[in-house]
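Here's a quick briefing to read with the model open on your screen. Take it topic by topic and click along as you go.

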Amino acid sequence: MMLLLAFLLSFAGLALLALSMERHWRQLRATQPLPNSTARLLRIVGSAALAISLTLCLAVDHASMASLVWVMTLAVSAFVLAMLLAWRPGWLAPLISWARS
Amino acid sequence: MYQTFRQSMTWLHTWFGLVLGFVLIVVFFFGALSVFDREIDRWAQPATRFAPQPMPSFDHLLRPVFERITEPDPDAIELARSLVDGPLPEKYPVMDWSAYTTHRDPVLDVYVSFDLPNARNPDDHVHGHQTIDPRSGTQLPASDLKIGSEFFYPLHYSLHLEWMELGYWIVGFAALSMLAALVSGVVIHRKIFRELFTFRPQKQRQRVNLDLHNLTGVVALPFHFFFAFTGLVIFAGIYFPVSETQLHPLVEAHEQAAAAATGLPHDPAGIAAPLASVDAMVGDAQRRWAARGMGGDVGFLFVNHVGDANGYVSIYRAGTDRIALTGQGIHYKASTGALIREDPPETAIASVNEFLTGLHLQHFRHWLLRFLYLFGGLAGCVCIATGFLFFVEKRKQQHARDGVAGARIVDALAVATITGTLIAALSMLVANRLLPENLVDRDEWQKNVFWLTWLASGIHAFWRTTVVQDGESAPAWREQTLVVAVLAVAAPILNWLTTGDHLLVTLQARYWPVAGIDLFLLATGVLAGLVAHRLRRPALAHTRLAAMKS
């Protein structure tokens, strides 16, 4: 259960980092510019999500195993994220519904 | 040679990646399958479809099994012929007994090593091996091939080219080139972070190839890097055999010194001695592990110098909750059961080594990580495959104009190593279900089917890629993908017909080894069908275009 949460957080974290980039931001909000302050905020929240994800992995397994689980989780998350951005970017909208443009 | 560093890196990436990519994709594919080797074994050996078993009682069950193995395996004896001066001995004195199991094994592998009198190298031994049902001690037929752990897994690191250990060297060189390809790939990738999540399926074909190549290469970069590297670490002893060449006297001296320091005798005393209760030693070892806060499953049990006064028993913990394989060995005097030594915690270097090898060999109990590894391996396959496609697509028009066969040969080899490998592996599973149970050398027949179908798909690949020479797309891709689709659906159906274990049965019983393989096969079949359907379109468009022209 904890690992599922870690997985979701690693995905959300990477998604926020991706959406802090101009090109992916525009995929969701074509007409609205990405202010620097929002980009910075997205990056901070995204990194925090990744850090919490690592903490959860460490809480479940021995550190040697947790580090591998976390790194591989990031790989799968990044791949899924790239596929979503390519085919269904709209699905990511709830993640940044709070962000001001 | 080139004006910029990036250009020379591009050359390195292209040509090393191309030549060794054909080896690497086989290594990656069968490596990915090896993550679930024990599950493939269950699929291929219906008689062993029962729950994993712990190490059985030594005194009651294992000892009679070991005592039953009185001579080496026939092929081991055959191999020993070249290791001795003069004729082979009549009798082989027993040296050690060992048994090894993991948390995914219902069956148990037991090994006996025998001394080889008049061997040229006194360190050479011969081995006997049996696979037993640990519930009863009965032996499984030796011709019952474990397709996952005895065929796909060794194929992944040795290519089954045993002669002069050639396969190991080819794979090692491929792994080394893989490291070079990864580094050079990062160098030539201009926007590694900016395009980290970029995949543009609607763009032109070359763009899609490159996006997918970059995506699967970069997101799983740590995986690719660590697996190529740890693979080399595991076989470092083969690539740098210093302990058997220059440093041999030193190694001998080290072994003697280690024996003196640890109290574990290096040589037999030559005096017969009985064997005390090993079960009692196992119980004691488990209490000692528990005192250190570790789970107490036995992974590896070793009886050294069997029947000798210097004999000792080593008991190792199964590494299910750590990355390191087995460990925390505890050693007892065989004749009395007295504790000789508990292995101290590993030194820093030894634990790094154990972490690296354990990372690759994955004996841990962690299903999520296992699936993540499968993803990493398959991502590697996609990365290499799209690399081939990019190479062919980029050059085929030019080569067609120049009348060069290069792009066509690469395309044919790509077909043979991508769909051809799938066809060979699937045909082997189909043959496993179709060949009669009592066929003599049933294991050899399954291997023959694998190699022959691979050869056939290679021939087909060369035959059906001739149009690439005219700058067109080869029909071989679609035809072989269709074969993959048919075989991948046929295998689970045959499993149902021959064993009765169809998906409803296995899913209801939550018997994941077989249910999982069946589901994976069906998913492969559906995916291959979709790909074949997709591949039909450009061909159709092309015929229409040709019809319009005429």
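B:Phe114 sits across from B:Val126, a residue of strand S3 in chain B. This is a predicted model, and the pair is a handy way into the strand pairing of chain B. S3 covers residues 125-132 and runs antiparallel to S2, with eight bridges between the two.

**Strand pairing**

- S2 spans residues 108-115 of chain B and also pairs with S1, residues 94-100; that pairing is antiparallel too, with six bridges.
- To find the S1–S2 pairing on screen, look for B:Ala99, which faces B:Val110 in S2 of chain B.
- On to S4 of chain B: S1 is joined to this strand by four bridges, again in the antiparallel sense.
- A good marker for the S1–S4 pairing is B:Trp97, whose bridge partner in S4 of chain B is B:Val303.
- S4 pairs with S5 (residues 312-318 of chain B) as well, antiparallel and over six bridges.
- Here the pair to click on is B:Leu301 and B:Ile315, the latter in S5 of chain B, standing opposite each other.
- How much of S4 is buried? Six of the seven residues in this strand (298-304 of chain B) are, so call it mostly covered.

**Two histidines with positive phi**

- B:His305 isn't a glycine, yet its phi is positive, near 50 degrees.
- You'll find B:His305 in the loop that links S4 and S5 of chain B.
- Is B:His305 buried or exposed? It counts as buried, because it has 21 C-beta neighbours inside 10 Å and the cut-off for buried is 20 or more.
- B:His160 is another non-glycine residue with a positive phi, this one about 60 degrees.
- B:His160 lies in a loop as well, between helix H5 (147-158) and helix H6 (166-188) of chain B.
- B:His160 has 13 other C-beta atoms within 10 Å, so it is partly exposed: exposed would take 12 or fewer, and buried 20 or more.

**A buried alanine in a helix**

- B:Ala414 belongs to helix H14 of chain B, which runs over residues 406-434.
- Why does B:Ala414 count as buried? Because 27 other C-beta atoms lie within 10 Å, and 20 would already do.
- Leaving aside residues up to four places away in sequence, B:Ala414 touches B:Phe388 and B:Val392.
- B:Pro74 is a different story: this residue is 340 residues from B:Ala414 along the chain, and 39 Å separates their C-alpha atoms.

**Chain B as a whole**

- Zooming out, chain B holds 18 helices and seven strands.
- Does the chain's overall size look compact or extended? Its radius of gyration is 26 Å, and a compact globule of 550 residues would have one near 24 Å, so the value agrees with a compact globule.
- The C-alpha trace of chain B spans about 90 × 60 × 55 Å along its principal axes.
- Of the 550 residues in chain B, 39% are buried.
- Take the contacts in chain B between residues at least 6 apart in sequence: 70% of these join residues at least 24 apart.

Methods: Residues numbered from 1 in each chain as written. Chains lettered and ligands numbered in written order. Predicted model: local features only at pLDDT ≥ 70, side-chain atom pairs only at ≥ 80, totals over all residues. Contact = placed C-beta atoms within 7 Å. Pairing = 2+ DSSP bridges. Rg over C-alpha atoms; globule rule 2.2 N^0.38 Å.
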